[in-house]
Amino acid sequence: VAPTILSQVDELMRGLGLEPCVKRSDFLEHIGARIVRARWLEARGTAPKASTPLSHADEGFLDVALRDLPSALAAANESCRGILAALEALAAGGATTWQWTQASERICTRVGALFCSGAVVDAAAEQALAADVIASLPTEQPISPDEFCLHYREAYERAWAAKGCASVTGHPPSAIALGVDRRPHLVDVVRVPVSNWSLGSNRAVYLRYRLHFKASSRSISSCCPRCADRASAPESDKALLEVARACEPYGLGSRTHQVVLRSLADGLAGQPDPHGGWLDWATWATPCRPIATDRESDEDLAEAVASALSAWQFHPVGAVLVRQFGLVELLVALRWVAVRRTWMDLHRHERTFAEPLRTCGIPLSVRNTLFRAFPNVYREWRDGLIGDPPPENLLDPCPTSSAAPGSAALEGFIGRRSRTLTKLTANPSMVKQVIDGSVELWRASYAGLVANAPDDHLTAEEAFDLVEALIEGMD
Amino acid sequence: MKLNIRITPGADGTVGIGGPTTGGPEAPAGVALVGLRGVTLMVDPTDAKAVPHATVFDLDQARLSVEALYGALACEALESREPVDVPLGDLPGRDSATQLGLLLWLAENRPLPLDSALVDLEAAVHWAGLADDDEGPLESSDRLTTLAEMARRLRETSTLPLADELRGLFARAATLVDRGREDDSERVAFAHERAMLQVERRYGASSLQEADLTWLDAHMRPTPAPAMGACDAQRRCSINWLRVPSALLPAGEDTVRFEIVAGPPPRVHITIPAPEPARPHPAIPRLEQPPPRVVASLRSYAWPVPLADAALSLDTSGRVWTGTLPLSTETLALATGSADLDVDVRAERVPWTSPSRRRVRMDAAQRWAARGLALSRLQDASGATSGAAEDAFRYAARLWAPYSRATAERCLALATTRDQLPLTLAERWFLAANQAQP
């Protein structure tokens with residue numbers, strides 16, 4: 001294994017017998033490696049990442065970067081010790097309670113920054129840093145699933161009866177590929193294959209609550225970066241908040257966010273323009289403005305997303321995937337991934353900010369899906385490693401519900417396309433009508449073919465175009 | 001010699017780094033996409049020395065990665081409104097990204113029966129070292145559990161193959177996983193193994209006896225390399241690797257057998273041998289996967305829609321996928337009247353697309369180049385001289401020739417001269433397992 005800055009500092013510390021008073025890995029990364037990288041940057045203008053294997057050329061510079069490091073590390077360790085003592089004193093005085101595991105990384109990041117800036121860390125600085133660490137500690141720890149069940153089951157039952165049933169029937173998650181049209185569990189009683197963003201609206205309420213405590217959810221620099229008003233979401237009982245939010249349409253509390261999700265799904269529901277699209281997100285998002293909420297779907301946003309998709313198919317990243325898998329093959333998965341990834345972004349936004357997302361927060365989410373998230377997960381999606389749980393594992397959304405739950409996988413245009421193809425496979429004479437250009441005959445016979453469920457199939461024109469497109473693609 | 005690289009702003013706000021590429025046939029065995037923060041790289045696994053093309057889709061987020069992969073000057077040029085050429089930094093991060101591309105390509109294409117769990121873990125650790133954010137693959141609790149269990153087995157059994165390399169892999173993962181969340185239940189085992197690693201570094205490793213290895217059962221025997229394929233019979237066709245669930249791979253050529261039965265009732269019988277399982281590395285636990293869902297359609301290249309569809313199922317022996325596709329009188333007439341028939345096997349979630357002989361032939365060309373690459377990597381590393389890799393590249397050249405002369409020439413060149421990226425751990429395990437038990 002090639003050496004890295006981290007491994008070299010680790011080796012040096014072991015050689016010195018230096019045992020940090022904080023967690024060793026925190027000390028290594030946030031103090032040792034950080035000092036080395038700072039020296040590198042100063043000397044060369046650029047520095048390898050702490051965990052990146054070093055080239056032979058870099059290894060030559062390593063000796064210079066590690067020079068005098070033992071004394072710096074020892075001094076940093078003493079500073080950490082001083083801060084820990086100050087923290088203990090604060091705790092003993094009843095000012096706060098803290099856990100060693102929580103404080104370690106926070107101490108190291110602060111000490112590392114000070115040592116890199118060359119500042120003197122004296123007793124006064126240690127006191128100030130201790131106070132700063134205390135202020136940064138989370139004030140609340142998540143409760144266990146059992147406690148959550150015990151304290152919030154009744155509230156969830158009441159809230160769902162008041163609103164949840166209407167939300168699922170009025171805004172079925174399956175229609176936008178967000179999940180199955182069922183009621184989410186309060187806690188996850190069934191082990192799901194993958195517990196991540198792909199759960200969508202099937203995510204148990206407790207898992208939504210746990211998102212408040214995820215380390216990654218505490219930094220949101222990527223969301224709505226240029227919004228002027230970034231007032232924080234008001235502090236409240238996080239568990240109750242998630243119970244209430246789970247009963248809202250699509251499991252989002254903000255009407256704006258519901259519209260954003262629906263618009264995104266609408267924008268990705270149709271066939272991309274075969275001639276391409278053009279969208280300059282910077283122009284579209286400027287000025288940063290609120291999303292219109294007078295309709296269920298914002299046409300402007302849906303068109304922007306559709307245009308981005310049309311452009312993507314000719315972009316190097318999109319073109320590779322289209323060449324390998326075919327555009328039509330990708331559309332269901334793309335919409336599925338986009339809606340669920342964006343749900344995570346919107347939920348995170350609601351947890352963090354008082355104001356809903358505005359237009360300038362949209363491009364990053366959409367681009368991240370098209371250029372990164374989707375290429376990364378398509379194979380898992382195709383292999384069935386991510387997907388919806390069986391509907392029978394979830395609860396009926398309404399007390400008197402008798403309808404079969406909708407499935408997210410094959411909804412929208414692609415689902416209608418698939419069902420139409422099945423009909424045409426069994427009726428080759430109708431395909432012949434398209435080949436012969438018998439449009440009138442086609443219209444009449446197609447109406448009869450789908451008479452039982454016309455809404456579940458393509459329209460006569462769409463189906464005619466589909467067969468023509470398939471013929472065009474033959475060679 | 002210092003190389004320059006072109007930075008090209010796109011009309012849509014994205015920025016391209018490196019030469020123009022469409023992912024077309026210039027990469028004979030296909031490419032891998034590597035998604036990082038704000039930037040996606042495109043890696044050609046046949047070209048170890050090539051600089052990956054990159055698409056920057058978020059300038060703010062991509063800066064760190066671009067600087068680490070292409071240098072500070074490339075990073076500065078991202079704001080340029082015109083295409084510019086800037087000197088390319090000689091940076092090791094790029095080698096790591098290229099190696100990650102190779103791992104992802106192996107995971108996707110599966111030209112050999114490599115241990116897919118090992119490919120996945122090594123890719124995840126490489127990826128986490130480059131991704132630098134909360135979307136890293138080491139965020140997956142399943143992977144953390146697997147890594148922790150691997151570390152435990154390595155700790156308790158010092159004689160496991162590739163033990164040092166796998167310990168190195170875990171040690172690298174241990175520096176990359178967020179340390180602020182060790183109280184999460186899913187991370188407890190990982191945190192424990194990380195702590196054990198630190199203890200071992202200080203006080204030395206423990207070891208168990210040979211008798212503890214009895215759990216290495218008969219399933220862990222080596223498997224032969226996949227059939228190179230031979231088109232010698234009617235009613236045979238090949239699996240498109242990129243359309244089927246990974247569980248059907250690796251697959252040789254012409255492994256799909258189908259027979260049209262006039263009836264009554266008219267129907268199509270399909271059989272596909274299940275792939276030989278890869279020899280699993282004993283340090284890595286296996287996670288239960290959902291059973292793959294596979295469908296097949298009878299395809300005529302003179303007809304735009306399927307002639308028949310049905311799901312395939314694994315027979316009770318677990319060795320053969322089978323299915324029976326019903327035909328109507330009309331579709332039977334179409335099938336028997338068509339000179340050019342085959343079967344489109346695909347994952348249930350992958351939809352039907354236009355029958356295209358051209359595309360099917362190009363896909364076959366890509367598969368042969370992939371076999372050439374996969375075999376040549378093992379051949380070059382082990383010093384074997386079977387010539388199978390060279391034959392595969394030469395055959396790929398013939399298949400590519402009608403569609404891309406440049407790609408065909410590249411395949412011919414690869415048959416004789418190649419620079420290889422370092423072997424992955426899964427490839428090393430494959431070699432070791434096969435050499436140990438021929």
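Two strands are taken to pair if DSSP finds at least two bridges between them. In the predicted model described here, strand β11 (residues 308-314) of chain B and strand β12 (residues 320-326) of chain B are joined by two bridges and pair in the antiparallel sense. Within this pairing, B:Ser313 has B:Thr322 in β12(B) as its bridge partner. Both strands belong to an open sheet of seven strands in chain B, in which the order is β7-β8-β9-β12-β11-β10-β13 and the pairing is antiparallel. The edges of this sheet are occupied by β7 (236-237) and β13 (341-347) of chain B, each of which has a single partner strand, so that one side of each is left without a neighbour in the sheet.

Chain B also contains an open sheet of six strands, arranged in the order β3-β4-β5-β2-β1-β6 and again described by antiparallel pairing. Here the edge strands are β3 (32-36) and β6 (84-87) of chain B, each pairing on one side only, and neighbouring strands of the sheet are turned against each other by 20° on average, with direction ignored. Within the six-stranded sheet, strand β4 (residues 39-43) of chain B runs antiparallel to strand β5 (residues 53-56) of chain B, and four bridges join the two; B:Val39 has B:Val56 in β5(B) as its bridge partner. Helix α3 (residues 92-109) of chain B packs on this sheet, where the helix touches β3 and β4 of chain B, and its direction makes about 125° with that of β3(B).

The contact between the two chains draws on 89 residues from chain B and 80 residues from chain A. Together, chain B and chain A bury about 7300 Å² between them, of which 51% lies on carbon and sulfur atoms. Between chain B and chain A, 18 residue pairs are in polar contact, with both residues of each pair at pLDDT 80 or more. On the side of chain B that touches chain A, helix α9 (residues 357-382) of chain B gives the most, contributing six residues, and by class this side of chain B comprises 34 nonpolar, 25 polar and 30 charged residues. Two salt bridges are counted between chain B and chain A; one of these is formed by the side chains of B:Glu108 and A:Arg382, which meet at 3.2 Å, N to O.

Conventions
Residues numbered from 1 in each chain as written. Chains lettered and ligands numbered in written order. Predicted model: local features only at pLDDT ≥ 70, side-chain atom pairs only at ≥ 80, totals over all residues. Heavy atoms only, no water. Contact = heavy atoms within 4.5 Å. Buried area = accessible area lost by both parts, 1.4 Å probe. Salt bridge = Lys/Arg side-chain N within 4 Å of Asp/Glu carboxyl O. Polar contact = N/O pair within 3.5 Å; in protein donor to acceptor, adjacent residues only side chain to side chain. Nonpolar A, V, L, I, M, F, W, Y, C, P; charged D, E, K, R; others polar. Axes fitted to C-alpha atoms, helices over the stretch in contact; angles between N-to-C directions.
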